[in-house]
Amino acid sequence: MNEAPEPKAVDAQAIERETMEFDVVIVGAGPAGLAAAIRLKQLAAEKGNELSVVVLEKGSEVGAHILSGAVIDPVGLDALIPDWRDKGSPLTTEVSEDKFYYLWKTGGIRVPNLFMPPLMSNHGCYAGSLGALTCWLAEQAEALGAEIYPGFSVVDVIFAKSGETEGVITGDMGVARDGSHKDNYTPGIAILGKYTLFAEGARGSLSKMLIRKLGLDAESGPQKFGIGLKELWEVPAEKHKPGLVQHTMGWPLDDKTGGGSFLYHFGERLVSVGFVVHLDYSNPYLNPFKEFQRAKTHPLIAEHFTGGKRIAYGARALTEGGYQAIPQLAFPGGALIGCAAGFMNVPRIKGSHNAMLSGMMAAEAAFAAIEQGRSRDVLEDYPQSVRASAMAKELKKVRNVKPLWSRLGTRLGVMLGGIDMWLNTIFPFLSHTLKHRKPDYATLAKAAQSTPIDYPKPDGKLSFDILSSVFLSGTNHEENEPVHLLLADPSIPIEQNLPEYAEPAQRYCPAQVYEVVTEGDRQRFQINAQNCVHCKTCDVKDPAQNITWVPPEGGEGPNYANM
Ligand SMILES: Cc1cc2nc3c(=O)[nH]c(=O)nc-3n(C[C@H](O)[C@H](O)[C@H](O)COP(=O)(O)OP(=O)(O)OC[C@H]3O[C@@H](n4cnc5c(N)ncnc54)[C@H](O)[C@@H]3O)c2cc1C
Ligand code: SF4
């Protein structure tokens with residue numbers, strides 16, 4: 001535990017480093033990065049070309065930092081590995097029943113499937129673990145010859161003097177909290193590529209830097225985010241209904257706070273239960289973790305796992321800006337793919353299929369460019385393919401749902417959003433696009449104008465406290481290392497955020513990383529960085545935009561299994 005640190009500018013490029021060169025460098029072994037690696041190696045094998053591809057992943061192993069629902073639309077897998085069903089993929093539970101409820105405290109009403117626009121149907125999708133799927137994708141990529149290195153955080157981008165991206169730098173290992181080098185100090189490696197694909201997922205730290213530095217969002221609206229919290233339960237056999245998918249909206253959130261629960265039965269007696277809160281919520285007293293715990297006590301949710309055992313917990317931000325928030329995708333030497341670019345379909349809560357499809361499109365553009373002898377220029381074919389793709393059409397159909405939800409609240413906004421989706425399905429040429437208004441950090445009301453929320457105590461059976469939950473995420477960070485949550489101005493939490501917003505970091509962080517500690521007549525802001533589950537919510541929601549999440553040493557953070 002420590003006092004708020006002084007952020008230090010680390011000049012990662014000034015140190016003498018080992019250098020490695022590849023044709024394509026991919027940052028992040030999620031569905032986007034792995035699909036790109038597989039597609040590149042497939043194309044090379046088809047053409048009989050040599051092509052070196054490396055994937056760098058900050059988790060201790062592939063999948064360790066992956067947290068998703070997940071109900072997966074197989075359209076991405078079908079395009080990437082058409083015979084994936086015969087190759088031992090972990091996606092074996094096809095959706096068998098699809099329920100959608102609007103909840104109030106003691107009951108709820110089921111929305112008939114007939115009213116749901118066709119693209120909201122989960123028919124033909126698979127319930128499972130995205131983490132397990134990425135492990136399997138990594139095996140497929142390695143079998144094709146891609147090199148995958150988990151345990152390597154990528155901390156910086158190498159730019160040529162003329163401005164193009166040349167590659168990336170992995171983090172130094174063995175640096176003490178005071179900046180001195182420990183016995184095991186090893187400087188990070190410079191990894192150079194003809195093209196670098198950034199597949200860091202929602203609010204990637206390098207992707208955020210690139211979007212700002214290169215002005216990639218000049219033409220798009222602000223990106224919007226949600227925080228998704230999830231538990232994995234093992235339930236008694238008689239409660240398990242493989243393939244049952246349930247989503248809810250309404251209670252425990254008030255009408256002006258967007259979000260809802262998901263519940264998926266899959267595999268061997270496994271149930272994923274989770275809760276999403278849109279990060280444009282306004283009440284600074286809202287606590288997403290406690291909303292999730294409260295939601296699980298609703299009879300229509302609790303009945304699914306009463307008598308079961310909770311085996312995992314975690315949280316992760318997701319992108320919600322959709323079509324109108326997609327930034328410029330390609331820039332000299334690099335491209336954003338997957339949720340680093342924000343291809344998530346919010347009403348469907350699905351992004352993994354688009355992550356894979358976008359990875360494939362970027363891979364095809366990079367392969368064609370390298371074949372033509374090009375390097376480090378703009379992969380113009382990639383955004384063109386995206387614009388012409390079924391993926392863009394899908395995102396376009398739902399583009400007004402999130403702005404309507406944010407403006408009009410859950411009941412009216414979602415109803416009008418549903419009508420808008422129907423209209424866009426029947427008349428795809430409709431062109432009205434509602435813009436997102438404020439970025440999520442700017443939506444909090446002042447504490448003085450907000451009502452504190454009285455959350456029930458956890459019962460230890462269905463609802464739990466935060467620290468026993470974080471324990472189940474397997475999170476681990478070295479105590480003696482630089483804090484990876486940087487404060488631009490260490491005085492802001494206590495002097496500004498506390499009086500104005502009752503310092504909301506104490507509540508929005510799903511791992512109790514941030515605490516306001518009172519010592520005598522003094523209050524100080526404490527950062528328990530070792531608890532961080534890498535969800536990136538603080539980087540999004542801090543009202544002063546004072547917190548920057550940077551990757552800690554490779555291999556640290558959560559150790560999710562089957563999430
Ligand atoms: C709670 C929740 C529920 C969801 N439910 C569904 C669902 O049911 N169906 C669905 O299709 N989608 C769902 N999604 C969305 C889906 O998970 C994402 O769309 C998908 O994971 C995006 O894939 P990606 O490869 O772009 O990024 P990610 O899956 O986030 O993967 C990024 C990878 O990059 C690594 N990485 C990041 N930065 C660095 C760095 N600097 N250095 C090295 N490695 C790095 C990360 O550790 C991670 O392994 C859900 C998301 C959440 C949070
Ligand atoms: S410190 Fe930030 S990134 Fe880490 S768990 Fe808390 S909110 Fe998420």
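Colleague: In which loop does P252 lie, and which peptide bond there is cis?

Modeller: In this predicted model, P252 is placed in the loop that runs between strand 16 and strand 17. The cis bond is the one from W251 to P252, with omega near 5°.

Colleague: Where else is a cis peptide bond to be found, and what is its omega?

Modeller: Another cis bond joins G69 and A70, and its omega is about 0°. A70 belongs to the loop between strand 3 and strand 4 (71-72).

Colleague: Which sign does phi take at Q512, positive or negative?

Modeller: Phi of Q512 is positive, about 50°, although Q512 is not a glycine. The residue sits in the loop between helix 13 (505-508) and strand 23 (514-519).

Colleague: Strands 16 and 17 were mentioned a moment ago. How should I read the sheet, and in what order do its strands stand?

Modeller: The general idea comes before the case. In a regular strand, side chains point alternately to one face of the sheet and to the other. Here, seven strands make an open sheet of mixed pairing, in the order 7-6-16-17-18-15-19. Strand 7 (107-110) and strand 19 (309-319) are the edge strands, each pairing on one side only. From one strand to the next, the twist averages 20°.

Colleague: In which sense do strand 15 and strand 18 pair, and over how many bridges?

Modeller: Strand 15 (residues 225-234) and strand 18 (residues 270-278) are antiparallel and share nine bridges. One point of reference is E234, which stands opposite L270 in strand 18.

Colleague: Which helices pack on the sheet, and at what angles?

Modeller: Helix 5 (residues 288-295) packs on it and touches strand 15, strand 18 and strand 19. The direction of helix 5 makes about 45° with that of strand 15. Helix 10 (residues 401-426) also packs on the sheet, where it touches strand 6 (97-104), strand 16 (244-250), strand 17 (259-266) and strand 18. The direction of helix 10 makes about 95° with that of strand 16.

Colleague: How is strand 6 joined to strand 7?

Modeller: A hairpin of two residues makes the connection between strand 6 and strand 7. The two strands run antiparallel and are joined by four bridges. Within this pair, Y102 stands opposite I109 in strand 7.

Colleague: Turning to open spaces, what is the volume of the second largest pocket, and which residues lie closest to its centre?

Modeller: The second largest pocket holds about 960 Å³ of space. Of its 45 lining residues, F100, V111, M116, M249 and V414 are the closest to the centre. Several elements of the sheet take part: strand 6, strand 16, strand 17 and strand 18, together with helix 10, each supply at least two lining residues. Helix 10 gives the largest share, 10 residues. By class, the lining of this pocket has 25 nonpolar, 13 polar and seven charged residues.

Colleague: And the enclosed spaces: how many cavities of 30 Å³ or more are found?

Modeller: The search of the whole structure finds four. The largest cavity contains about 790 Å³ of space. Its lining counts 47 residues, and those nearest the centre are I66, L67, G201, A202 and R316. Helix 1 (31-47), strand 3 (53-57), strand 17, strand 19 and helix 7 (352-371) each provide at least two residues of that lining. Strand 19 makes the largest contribution, three residues. The lining of the largest cavity divides into 27 nonpolar, 13 polar and seven charged residues.

Colleague: What is the volume of the second largest cavity, and what lines it?

Modeller: Its volume is about 80 Å³. Among its 14 lining residues, C509, P510, C532, C535 and C538 are the closest to the centre. The lining of the second largest cavity has 11 nonpolar, two polar and one charged residue.

Colleague: Finally, why are helix 8 and helix 9 described as oblique to each other?

Modeller: An angle from 65 to 115 degrees would count as roughly perpendicular and one under 35 as roughly parallel. Helix 8 (residues 381-388) and helix 9 (residues 390-397) pack at about 55°, with axes 4 Å apart; the two helices are therefore oblique to each other. V386, R387 and A388 of helix 8 meet A390, M391, A392 and K393 of helix 9 in this contact. By class, the contact has five nonpolar, no polar and two charged residues.

Note on methods:
Residues are numbered from 1 along each chain as its sequence is written. Chains are lettered from A and ligands numbered from 1 in the order in which they are written. This is a predicted model: local features need pLDDT of at least 70, side-chain atom pairs count only at pLDDT 80 or more; totals for chains, interfaces and linings use all residues. Side-chain values use heavy atoms; hydrogens and water are left out. Axes are lines fitted to C-alpha atoms, for helices over the stretch in contact, and angles run from 0 to 180 degrees between N-to-C directions. Angles under 35 degrees count as roughly parallel, over 145 as roughly antiparallel, 65 to 115 as roughly perpendicular and the rest as oblique. Contact means heavy atoms within 4.5 Å. Ala, Val, Leu, Ile, Met, Phe, Trp, Tyr, Cys and Pro count as nonpolar, Asp, Glu, Lys and Arg as charged, and the others, Gly among them, as polar. Two strands pair if DSSP finds at least two bridges between them. On a 1 Å grid over the protein atoms alone, a cavity is a set of points where a 1.4 Å probe fits but cannot get out, and a pocket is an open set with protein on both sides within 12 Å along at least five of seven lines; lining residues have an atom within 4 Å of a point. Grid points are joined across faces, edges and corners, and a volume is the space filled by probe spheres set on the points.
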